[in-house]
Amino acid sequence: MHIVLQLIPKKYLIGGTLILLGLSGLLIMSTIVAITGEFEKDSQQSEVTEIEGGGIGVGTANVSPEVIQYQPLLEKYAQKHGLDASYVPIMMALMMQESGGRGNDPMQSSESYCGSVGCISSPELSVDKGVLHFKSVLEKAHYDLKLCLQSYNFGGGFINYVMKNGGKYTPELAISFSQLQYQKVKHTGNYHCVRPEMVPYSACYGDAKYVDAVLKYYTGTITADGKPAAPASGGSGGKSGVKVIDAGKTLIGKTRYVFGGGRSQSDINAGRFDCSSFVRWAFEQVGMNVGPMSGVTTDTLKTQGQAINPKDMKPGDVVFFDTYKIDGHVGIYVGNNQFLGCQGKTGVAIASMAKGTYFGERFNGRVKRF
């Protein structure tokens with residue numbers, strides 16, 4: 001080997017050595033980046049799994065982490081089937097009642113899809129067909145949301161029954177329909193009261209209290225026509241938006257960014273925030289509750305409020321950025337392509353989101369008005 005090395009010109013030996021050193025350095029750097037990335041990913045995952053609720057629109061679904069994981073699919077198929085996103089939290093509450101987000105058919109949509117229980121074995125197919133069925137029932141119920149929910153449990157026959165008896169859902173109609181249907185099927189021995197309080201009424205077909213069961217997982221307003229209520233005119237993008245900005249600005253120069261910070265009063269007193277906890281705090285200062293202090297994340301914030309076209313942004317609207325993940329960063333728009341947020345190097349500060357800047361290149365177009 002020594003003789004071979006002597007035959008190779010010195011300049012090639014030096015060049016080869018430098019190349020080997022360079023490749024070794026790249027290998028070490030890529031390993032460090034991979035480990036760091038996984039650590040950050042794991043840290044965020046542990047935060048996300050602590051979410052207690054979520055939803056889109058003016059309402060919030062107070063559901064389990066198992067249901068929360070289906071939120072992106074519910075959004076996806078609501079868009080695919082042309083269903084307004086404000087119904088996503090209601091469907092999350094419905095899923096919570098049906099399955100708690102467990103099993104291969106979390107929306108229990110097998111019967112509506114193929115006429116028999118157990119024919120769906122794919123959670124995504126369950127969501128796809130469940131959203132489609134929900135939309136169909138909602139339209140047939142003329143957007144009477146409570147009628148839609150009860151019909152999801154009873155079947156479409158309940159809508160016809162209600163239309164012949166006043167045209168609007170009432171708890172009394174749910175009980176009477178359950179009574180009538182039970183008389184037709186009780187001889188089979190396959191139907192039993194799911195609620196003891198329905199036994200005296202012989203209302204043992206389906207769950208006559210299904211509406212209440214679903215809505216206990218939902219916090220929000222339902223208008224007289226059964227639709228989730230729209231935000232008050234202006235929302236956070238009006239005068240109250242300026243107040244949110246003014247409240248947030250009081251922390252400029254007084255905080256430092258801490259991932260997972262801002263979720264206890266001691267953190268807040270010490271000026272420790274991350275992006276989502278800062279946004280929650282700012283809105284709290286103007287009397288708007290956008291989620292619990294201990295459980296707020298970018299993922300819970302993006303489920304609040306009304307979706308706004310980026311072209312229509314106003315000061316006080318909440319803007320999202322794809323950083324280390326989709327919707328990984330959040331802030332409050334202040335106008336002139338700038339937003340107020342808690343960033344890693346600056347703490348609470350105003351940053352640019354103009355084209356060509358770090359955040360400008362990562363703004364994903366998601367804007368919400370609280």
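Which cysteine forms a disulfide with Cys193, and how far apart are their sulfur atoms? The partner is Cys204, and the two sulfur atoms lie 1.8 Å apart. The model is predicted. This briefing covers its disulfides, its cysteines outside disulfides, and the packing of helix 5 against two other helices.

**Disulfides**

- The count of disulfides comes to two.
- A disulfide is a covalent bond between the sulfur atoms of two cysteines.
- Counting bonded cysteines along the chain, the pairing pattern is 1-2, 3-4.

**Cys114 and Cys119**

- Cys114 forms a disulfide with Cys119, with 1.6 Å between the sulfur atoms.
- This link of Cys114 and Cys119 is left-handed, with -105° about the S-S bond.
- Cys114 is partly exposed, at a relative accessible area of 36%.
- Cys119 is also partly exposed, and its relative accessible area is 34%.

**Cys193 and Cys204**

- The torsion about the S-S bond of Cys193 and Cys204 is about -75°, so this disulfide is left-handed.
- Cys193 and Cys204 are 11 residues apart, and each sits in the loop between helix 10 (171-185) and helix 11 (210-215).
- Cys193 is partly exposed, with a relative accessible area of 22%.
- Cys204 is buried, because its relative accessible area of 7% is under 20%.

**Cysteines outside disulfides**

- Cys275 takes part in no disulfide, and the nearest cysteine sulfur to its own is that of Cys342, 7.7 Å away.
- Why is there no bond between Cys342 and Cys275? The sulfur of Cys275 is the closest cysteine sulfur to that of Cys342, but at 7.7 Å it is too far for a bond. The cut-off for a disulfide is a pair of sulfur atoms within 2.5 Å.
- Cys275 is buried, with a relative accessible area of 5%.
- Cys342 counts as buried too, at 0% relative accessibility.

**Helix 4 and helix 5**

- Helix 4 (residues 71-80) packs with helix 5 at an angle of about 125°, and their axes are 10 Å apart.
- That angle makes helix 4 oblique to helix 5, because it falls outside the range of 65 to 115 degrees for roughly perpendicular and is not over 145, the limit for roughly antiparallel.
- The crossing of helix 4 and helix 5 is right-handed.
- On the helix 4 side, the contact is made by Gln71, Leu74, Glu75 and Ala78.
- On the helix 5 side, the contact is made by Val88, Met91, Met92 and Met95.
- Sorted by class, the residues in the contact of helix 4 with helix 5 are six nonpolar, one polar and one charged.

**Helix 5 and helix 7**

- The axes of helix 5 (residues 88-98) and helix 7 (residues 123-140) come within 12 Å and cross at roughly 115°.
- Helix 5 and helix 7 cross in a right-handed way.
- From helix 5, the residues that meet helix 7 are Ile90, Met91, Leu94 and Met95.
- Their partners in helix 7 are Val127, Val131 and Phe134.
- The residues of the contact of helix 5 with helix 7 comprise seven nonpolar, no polar and no charged.

**Residues of helix 5 in both contacts**

- Met91 is among the helix 5 residues that touch helix 4, and Met91 also meets helix 7.
- Met95 is likewise part of the contact with helix 4 and of the contact with helix 7.

Notes. Residues numbered from 1 in each chain as written. Predicted model: local features only at pLDDT ≥ 70, side-chain atom pairs only at ≥ 80, totals over all residues. Heavy atoms only, no water. Axes fitted to C-alpha atoms, helices over the stretch in contact; angles between N-to-C directions. Helix = DSSP H or I, 4+ residues; strand = E, 2+ residues; numbered from the N terminus. Left-handed = near helix turned anticlockwise from the far one by under 90°. Contact = heavy atoms within 4.5 Å. Nonpolar A, V, L, I, M, F, W, Y, C, P; charged D, E, K, R; others polar. Buried < 20%, exposed > 50% of the residue type's maximum accessible area, 1.4 Å probe, protein only. Parallel < 35°, antiparallel > 145°, perpendicular 65-115°, else oblique.
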